[in-house]
Amino acid sequence: MKKRLNMEDYATKKHVQKAGNNILHHTNDIIKHINKVENELFDFRASMTTKINSFEENFNEFKETVDEKFNVIDDRFNNLENRFDSLESKLDKVLVAITLNKAS
């Protein structure tokens with residue numbers, strides 16, 4: 001046997017259905033918001049990855065340039081050091097020659 005619904009039962013079911021629809025609506029809004037945030041995070045991650053890769057490339061280029069400059073400076077210093085040693089040796093020979101000339 002089917003139970004007959006009175007007005008109070010009908011109103012209660014109607015309120016429950018309306019509350020359920022409100023919950024479903026808000027749940028859908030939350031899911032949309034979560035999807036939007038996920039997409040923004042994905043875009044941010046992709047952007048940061050690109051920026052990091054670009055920074056790494058620029059840094060590596062800068063490091064190579066600095067290393068090259070240091071190598072040039074190191075070569076010049078070594079060249080100057082060799083020239084100084086050669087000049088010092090020549091001056092020592094001149095001093096020896098002067099000393100020998102004075103002694104004779």
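**A single helix and its surface**

Of the 104 residues in this protein chain, 0% count as buried, and I should say at once that we are looking at a predicted model. The chain contains one helix and zero strands, and the helix, which is called H1, covers residues 7–103. The accessible surface of the protein chain comes to about 10,400 Å², and carbon and sulfur atoms account for 60% of that area.

Let me begin with the aromatic residues. A search of the whole structure finds one aromatic pair. That pair is made by phenylalanine 55 and phenylalanine 59, whose rings are stacked, with 6.2 Å from centre to centre and 20° between the planes. For those of you who are new to this, a pair of aromatic rings is described by two things, namely the distance of the centres and the angle of the planes. The word "stacked" applies here because the angle of 20° falls under the 30 degrees that the term requires. Along the chain, phenylalanine 55 and phenylalanine 59 are four residues apart in helix H1, and so they are separated by about one helical turn.

How exposed are these two residues? Phenylalanine 55 has a relative accessible area of 56% and is therefore exposed, since the cut-off for that word is over 50%. Phenylalanine 59, on the other hand, has 42% and is partly exposed, because its value lies between the 20% and 50% limits. Both residues also belong to a nonpolar surface patch of about 370 Å², which Phe55 and Phe59 make together with Phe62.

Now I would like to turn to the charged residues, where the structure holds one salt bridge. Which residues form a salt bridge, and how far apart are their closest N and O atoms? The partners are lysine 63 and aspartate 67, and their closest N and O atoms are 3.1 Å apart. In general, side chains of opposite charge can pair when their charged atoms come close. Lysine 63 and aspartate 67 both lie in helix H1, where they are four residues apart, or about one turn of the helix. Lysine 63 is partly exposed, with a relative accessible area of 42%, and aspartate 67 is likewise partly exposed, with a relative accessible area of 34%.

Finally, there is a negative surface patch, which is formed by Glu56, Glu57, Glu61, Glu64 and Glu68. One of these residues, glutamate 61, has its place in helix H1, the helix that also holds phenylalanine 59.

Definitions and conventions: Residues numbered from 1 in each chain as written. Predicted model: local features only at pLDDT ≥ 70, side-chain atom pairs only at ≥ 80, totals over all residues. Heavy atoms only, no water. Patch = residues over 30% accessible without salt bridge, like charges linked within 9 Å, V, L, I, M, F, W, Y side chains within 5 Å. Areas by Shrake-Rupley, 256 points an atom, 1.4 Å probe, with all protein chains shown as cover. Salt bridge = Lys/Arg side-chain N within 4 Å of Asp/Glu carboxyl O. Helix = DSSP H or I, 4+ residues; strand = E, 2+ residues; numbered from the N terminus. Buried < 20%, exposed > 50% of the residue type's maximum accessible area, 1.4 Å probe, protein only. Lys, Arg positive; Asp, Glu negative; His and termini not counted. Charge placed at Lys NZ, Arg CZ, Asp CG, Glu CD. Phe/Tyr/Trp six-rings, centres within 6.5 Å; stacked < 30°, edge-to-face > 60°.
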